[in-house]
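Okay, thanks for squeezing me in. I'll put the sequence and the model up, and then walk you through a few places I'd like us to look at together.

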Amino acid sequence: MSRIGKLPITIPSGVTVSQNGEIVTVKGPKGELTQKVDSSIKVIIEDGHVKFEIDENSPVEVKQKQAFHGLYRSLINNMVVGVSEGYKKTLELVGVGYRVSNKGNLIEFSLGYTHPIFIELPKEVKVETKSERNQNPLLILESCDKQLIGMICAKIRSFRKPEPYKGKGILFQGEVIRRKSGKSAAAK
């Protein structure tokens with residue numbers, strides 16, 4: 001059995017969790033999320049807690065059931081945290097001339113290429129940009145969906161991956177890049 005799957009999820013006040021067949025719906029002040037749960041996992045909602053049990057009669061093999069046990073517990077927990085507190089990611093653009101601006105959910109990046117890069121974000125994600133003098137530009141993303149915000153951050157980072165020689169690129173705020181010395185240090 002999964003150690004994570006055994007842990008019950010406490011439902012905070014203002015959040016409702018409901019189940020309709022294999023679909024689990026979580027509603028809260030920040031939004032509403034749904035997740036399909038495999039038939040080999042039983043979802044039990046009672047007394048302000050959500051518990052997960054493995055259905056022993058399911059035709060799915062044992063290893064897969066155990067993997068699903070922890071997986072669906074983590075996914076539903078992320079949904080409960082997302083609709084109650086939300087998720088926030090801050091990206092920092094490190095590099096000379098790197099800029100970011102937004103108009104609603106349309107973001108424009110200037111990352112040293114010959115052309116600006118535009119990306120349209122879904123309406124579930126709130127965007128804020130900060131550009132202060134002598135500071136690196138910041139891009140702040142907020143959403144109730146952890147998977148969605150993670151995918152968007154990965155897509156944005158792919159425009160300019162952090163590189164180890166000068167430390168330029170798009171980084172998460174507070175992320176430390178392991179630096180390399182380059183050719184000049186090897187020649188000495």
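Let's start at serine 39, which touches Glu22 and Asp55 once you set aside residues up to four places away in sequence. You'll find serine 39 in the loop between β4 (31–36) and β5. Is serine 39 buried, exposed or something in between? It's partly exposed, with a relative accessible area of 42%. While you're there, look across to phenylalanine 68: the two are 29 residues apart along the chain, and their C-alpha atoms are separated by 9.9 Å. And before anyone asks, yes, this is a predicted model.

Okay, zooming out. The protein has 4 helices and 13 strands. The radius of gyration is 21 Å, well over the 16 Å that the globule rule gives for 188 residues, so this thing is more spread out than a compact globule. If you'd rather think in boxes, the C-alpha atoms fill one of roughly 65 × 45 × 25 Å along the principal axes.

How much of the protein counts as buried? That's 36% of the 188 residues. On the surface side, the protein exposes about 11,900 Å², and carbon and sulfur atoms supply 49% of that. As for contacts, take the ones between residues at least 6 apart in sequence: 51% of them join residues at least 24 apart.

Now two threonines, both sitting in strands. Threonine 25 is in β3, residues 23–28. With a relative accessible area of 13%, threonine 25 is under the 20% cut-off, so we call it buried. What is threonine 25 in contact with, leaving aside neighbours within four places in sequence? You get Thr16, Val17 and Ser18 on the one hand, and Glu32, Leu33 and Thr34 on the other.

Threonine 90 is the other one, over in strand β7. Threonine 90 comes out at 17% relative accessibility, and that counts as buried. Again leaving out neighbours within four places, threonine 90 is in contact with Leu138, Leu139 and Ile140, plus Leu171, Phe172 and Gln173.

Stay with β7 for a second, since it brings us to the pocket. β7 (87–94) and β12 (138–143) each supply at least two residues of the lining of the largest pocket. The volume of that pocket is about 170 Å³. Which residues line the largest pocket? Going along the chain, there's Lys30, then Glu85, Gly86, Tyr87 and Lys88, then Lys123, Glu124 and Lys126, and finally Glu142, Ser143 and Cys144. By type, the lining divides into 7 charged, 2 polar and 2 nonpolar.

Last stop, backbone angles. Two residues have a positive phi although neither is a glycine: aspartate 47, at about 50°, and asparagine 134, at about 60°. Where are they? Aspartate 47 is in the loop between β5 (41–46) and β6 (49–54), while asparagine 134 is in the loop between β11 (126–130) and β12. Aspartate 47 is exposed, with a relative accessible area of 71%, and asparagine 134 is exposed too, at 77%.

That's my tour. Happy to spin the model back to any of those spots.

Key
Residues are numbered from 1 along each chain as its sequence is written. This is a predicted model: local features need pLDDT of at least 70, side-chain atom pairs count only at pLDDT 80 or more; totals for chains, interfaces and linings use all residues. Side-chain values use heavy atoms; hydrogens and water are left out. On a 1 Å grid over the protein atoms alone, a cavity is a set of points where a 1.4 Å probe fits but cannot get out, and a pocket is an open set with protein on both sides within 12 Å along at least five of seven lines; lining residues have an atom within 4 Å of a point. Grid points are joined across faces, edges and corners, and a volume is the space filled by probe spheres set on the points. Ala, Val, Leu, Ile, Met, Phe, Trp, Tyr, Cys and Pro count as nonpolar, Asp, Glu, Lys and Arg as charged, and the others, Gly among them, as polar. Buried means under 20% relative accessible area, exposed over 50%, partly exposed in between (1.4 Å probe, protein chains only). Contact means heavy atoms within 4.5 Å. The radius of gyration is taken over C-alpha atoms; the globule rule is 2.2 Å times the number of residues to the power 0.38. Accessible areas come from the Shrake-Rupley method with a 1.4 Å probe; for residues, only the protein chains shown count as cover.
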